[in-house]
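Student: Could you take me through one part of this structure slowly? I would like a close look at the second largest pocket and what surrounds it.

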Amino acid sequence: MSGGGVESRWHLDDVETWPDESSSLTHEARIRETGERVALVVLSDDQTATRNQVDRAAEEAAARGAIRKLIVAAFEYEADDARSEARGRLEIIRLRANRDLAIAELKPGREDHAFVVVGEPEIEVRNAPGQPQRIVVEVKGWNTYDPATGNVRAGKPGDIDCWLLDTDHDGRSFYARRIHFPGKSQDRQLKRFRSALGSRIRPEHWASMESLTSAPFSRPKSGRIAVRVVTTTGDEMLAVRDVPP
């Protein structure tokens with residue numbers, strides 16, 4: 001079994017069922033390259049990794065003094081729980097399982113990799129020009145780890161299928177209040193959609209819909225915004241930012 005981070009590739013050996021009674025942790029393993037033991041949470045394709053579940057797993061893993069890494073492998077994550085993070089001395093690494101794993105007929109090969117690191121896009125939140133009570137969000141970029149080569153490449157605007165903006169994120173559910181399709185001005189379906197809207201849509205709003213920068217919006221009452229980026233390869237990345245009032 002192999003896993004990857006932005007700057008390294010790991011091979012997990014001696015994968016065993018978690019030895020203690022646990023409602024969250026499923027396995028432990030050894031990283032071949034470093035020899036350190038890691039805790040694992042491996043979920044089936046019909047399970048969503050929740051914040052509470054990860055919290056419980058982190059507490060149990062941290063109780064074992066020798067464990068410094070917790071790896072969570074799941075097909076889906078809660079909207080506000082898709083980022084790797086550090087909690088004290090414990091590093092939590094979230095992997096998103098490839099849906100191809102659910103297709104039994106597929107034969108594994110070197111180019112078929114089960115997990116990819118769930119990344120976070122780089123975004124900038126700034127005041128709207130001349131409107132101090134309103135803000136705009138810009139997607140600046142992201143890095144993609146290629147497990148086949150072990151290299152990291154910078155994402156390109158053309159790699160984005162769409163990006164979604166929750167302008168008032170409640171910390172539990174992601175609600176797409178703005179949807180953007182950058183560089184898709186020649187898309188036939190969007191052209192039909194624009195034609196159907198006619199004069200009901202403002203040109204400046206349509207321009208922002210095709211951009212990596214949002215139209216201005218009011219500061220969130222919750223104090224948070226969230227951005228989800230969906231790439232042309234189906235990868236999803238989430239970023240949550242606090243926004244002062």
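Tutor: In this predicted model, 15 residues line the second largest pocket, and those nearest its centre are Arg178, Ile179, His205, Ser208 and Met209. Try finding these five residues on your screen before you look any further. The space in this pocket comes to about 290 Å³.

Now let's see which parts of the chain build the lining. Three elements each give two or more residues to it: the strand β16 (178–180), and the helices α2 (188–197) and α3 (203–209). Of these, α3 supplies the largest share, with four residues. Arg178 and Ile179 fall within β16, while His205, Ser208 and Met209 fall within α3. Sorted by class, the lining has nine nonpolar residues, along with three polar and three charged ones.

For some context, let's turn to the nonpolar cores. The largest one has 17 residues, and Leu25, Ala39, Val41, Leu70, Val72, Leu90 and Ile92 have the most contacts inside it. Two or more residues of this core come from each of β4 (37–42), α1 (51–63), β6 (69–74) and β9 (90–97). The biggest contribution is from α1, which gives four residues. Ala39 is a nice residue to zoom in on: leaving out residues up to four places away in sequence, its contacts include Trp18, Leu25, His27, Ala61 and Leu70. There is also a second, separate core of 15 residues, with Ile123, Val139, Ile160 and Leu165 among them.

How values were computed
Residues are numbered from 1 along each chain as its sequence is written. This is a predicted model: local features need pLDDT of at least 70, side-chain atom pairs count only at pLDDT 80 or more; totals for chains, interfaces and linings use all residues. Side-chain values use heavy atoms; hydrogens and water are left out. A nonpolar core is a set of buried Ala, Val, Leu, Ile, Met, Phe, Trp, Tyr and Cys residues joined through side-chain atoms within 4.5 Å. Buried means under 20% relative accessible area, exposed over 50%, partly exposed in between (1.4 Å probe, protein chains only). Contact means heavy atoms within 4.5 Å. On a 1 Å grid over the protein atoms alone, a cavity is a set of points where a 1.4 Å probe fits but cannot get out, and a pocket is an open set with protein on both sides within 12 Å along at least five of seven lines; lining residues have an atom within 4 Å of a point. Grid points are joined across faces, edges and corners, and a volume is the space filled by probe spheres set on the points. Ala, Val, Leu, Ile, Met, Phe, Trp, Tyr, Cys and Pro count as nonpolar, Asp, Glu, Lys and Arg as charged, and the others, Gly among them, as polar.
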